[in-house]
Amino acid sequence: DGVVVSEKVKSNNLDVKIPEAELETEEKGTEEEPTRESDGNILDVSLDYPRDKHISIQRHLSDLEKLADLREDTKKPCPLCPEEKFKACYSHKLRRHLQNLHWKVSVEFQGYRMCICHLPCHPVKPNLVGDQPVSRMGAHYHCIICSATITRRTDMVGHVNRHVNKGETESRFSTVRAPPTEVIKESATDVQVLPNHSTPHKTDSYFNPKMKLNRQLIFCALAVLAEERKPIECLDAFGATGIMGLQWAKHLRSSVKVTINDCNENSVTIIKENCHLNKMKVKMNLKEEGNDETLGDGEENTGTIEVTKMDANVIMHLRSFDFIHLDPFGTAVNYLDSAFRNVRNLGIVSLTSTDTSSLYAKAQHIALRHYGCNIVRTEYFKELAARIVLAAVTRAAARCNKGIEVLLAVALEHFVLVVVRVLRGPSTADDSTKKIQYLLHCQWCEERIFQKEGNMVEENPYQQLPCDCHGSMPGRTAVLLGPLWSGALFNPGFLRRMLLEAVQYGLDEAQPLLKTLICEAECTILKHFSTHGSGDENKQEECGVYIKTSNTSAESYLVHGKRKGEDVLRTAAKRQRTEHSAEHPAFYYNVHRHSLRGMNMPKLNKFLNYLSEAGYRVSRTHFDPMGVRTNAPLAQFKTVLLKYSTPTYTGGQAEGPVHLPGDVHVGEEAPAAAGIKAEQEFPEDEESGVTAAVSTHSSPTPCAAD
């Protein structure tokens, strides 16, 4: 086959196969120069591979067996083990050794096998025996991509996977091409992403399609701010692919000056490529000002984006911005002090927290560590998460002598989004910090109330709760949660303007949520909702909602050519804060959680009408599809729910509202016998098996019923 056996390599005493043509060339020059010796690495024998590939990396077991030349009936050493570890043996024993010890425990990568190697490539820390150190050679793997030596097989698998996820598959060992990048389009913006782009800790181009709604909400908030003053400097502190900053610059154009930052070199490269993909001119930071990249001839640029590579805390300390968005992997508390340090007055800071395991009370010790907050799992855990983040934001702003006005707080399955306006001054900081309070939460009936302000310790804090569970149940029934933000979570006027921008730019996914948020902020039912005032004559209807076309509210903030003075902007902010004086009620109730055993509760929309007819403010909430936000106490909430519930079977009383015993009205608290008699009069139908959410006990008061 044109292959003969050469002399042994002196360093490892191994037989290496060299092509016959090369051997003849070496024989001709033996008289002029001595025979070359190996430098410690065994030469490759396969014509398919480059010469510098390590011998432990092979395609087939037969290639590995060829290294030992198992054809002759003589003792041969193992090509991957030193002689002191495995002595020379005959071919049948050496074949089993290569197959069981080296080949079976190899790591496969695109047709190649990285076999375990025992050669002196990876020295282990020597052990001292007496006065003489005894050196040991550790078993290891050679990476096919970067030539690193890894000792454990599981670590080697993870090491290779990290190379693949980053697109680093080209090396001097293999000729495998890097996987092609994928182009994803969202809101008329194209971005290139690497493989595994949906796993943030495994890729440099993290892109989550599920966060599209989050990006649309942030865009609407920025669009509203752009109508107040032009131009505004905005920062996307964690760019990743740059999708958010590209959308800002592409749609808002000259109204914004966009800066996209990321501390990862590969992410910065991807951001610049995506800017050119969307025909944007890239402006690097001042240190690289001479290396500005421009578009090719014949391409028309639609804007300029500044791309920086530095830590997010550093860039927010060095420069001032009107709009800052923070979206790190996990919690954003490490960047709040820097964000509020240089943000301009009446600017906006938005942050997205994806550490839902701690905020949603699944990892309570992490919430205590990051936010300094004690929480438990409740029926209103999503709103609790939003108030936890707002409390941390308020404390960070107060340390910089700044207060906040909450414009928007959204908590969905994957993230918690908070958008606040910054108000400069120690007095506004004091007003904001006064809204951070502790919450008393009853663990029996889930009634809740913010603790009263004051430094005096109350003798019986249970008296603050409207329920009587402490008197009727044994032990301690309530816990103290917080500190939490106790103020409003929404600004109705700002949300209306966000809805107007969403309609203008065709953001279909954000419009239904914004309508729900406006109803929730004003605590009204959806059918009573409209985005126009009573005095507006110019209005149009889009998507089933009346939209105001006269831009009166925006004109009060808009100025052409230069920015308004601080006194005018401060007056505009005060006018915006007083657009809706009545704040929405804090927290909400889940109707399934408080439904009665053996009773079918009414439809949710009908139940909202019943509460509204009883004289209470009521609305649905985006936090929970079955949640009801109302100012009604829990006792009245359960009374209305009981009155309009029907039994689970039809053989007894005819369908209709349940008549409460005596002359109990909806606005009054029902006596304890009402819930007990209702359960006795309408027992559970075992055959039908149709029940609502059950309660496991009864108590002297309706609020104590679970």
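This passage walks through a predicted model of one protein chain, from its overall make-up to a few individual residues.

To start with the big picture, the protein chain has 706 residues, and 51% of them are buried. Its secondary structure adds up to 21 helices and 29 strands. Among the contacts with a separation of 6 or more, 64% link residues that sit 24 or more positions apart.

How far the model can be trusted varies along the chain. The mean pLDDT is 76, with 68% of residues at 70 or more. Two stretches call for some care. Over residues 1-51, pLDDT stays under 50, and the model has 64 contacts beyond four places in sequence for this stretch. Residues 575-581 also stay under 50, and here the model has 17 such contacts. Where pLDDT is low, the predicted coordinates are not something to read in detail.

Helix α3, which covers residues 91-103, gives a neat view of how burial is laid out. Its buried residues are Ser91, Leu94, His97, Leu98, His102 and Trp103. Looking down the axis of α3, these buried residues fall within an arc of 145°, so they line one face of the helix. As for what they meet, the buried residues of α3 pack against strand β3 (57-58), helix α2 (61-68) and strand β5 (112-114).

One of those partners, β3, is also home to glutamine 58. Is glutamine 58 buried or exposed? Its relative accessibility is 1%, and because the cut-off for burial is under 20%, glutamine 58 counts as buried. The side chain of glutamine 58 has a backbone partner too: it reaches the backbone oxygen of isoleucine 55 at 2.9 Å.

Further along the chain, aspartate 624 sits in a loop, with β27 (618-620) on one side and β28 (627-630) on the other. Aspartate 624 is buried, yet it has no salt bridge. Which side chain of opposite charge is nearest to aspartate 624, and how far away is it? That is lysine 382, at 7.0 Å; a salt bridge would need the charged atoms within 4 Å. What aspartate 624 does have is a polar contact of 2.5 Å, side chain to side chain, with asparagine 590. Setting aside neighbours within four places in sequence, the residues in contact with aspartate 624 are Glu379, Tyr588 and Asn590. Asn590 therefore turns up both in this set of contacts and in the polar contact, where the definition asks for N or O atoms within 3.5 Å.

Key
Residues numbered from 1 in each chain as written. Predicted model: local features only at pLDDT ≥ 70, side-chain atom pairs only at ≥ 80, totals over all residues. Heavy atoms only, no water. Helix = DSSP H or I, 4+ residues; strand = E, 2+ residues; numbered from the N terminus. Buried < 20%, exposed > 50% of the residue type's maximum accessible area, 1.4 Å probe, protein only. Lys, Arg positive; Asp, Glu negative; His and termini not counted. Polar contact = N/O pair within 3.5 Å; in protein donor to acceptor, adjacent residues only side chain to side chain. Contact = heavy atoms within 4.5 Å. pLDDT = per-residue confidence, 0-100. Arc of directions from axis to C-beta.
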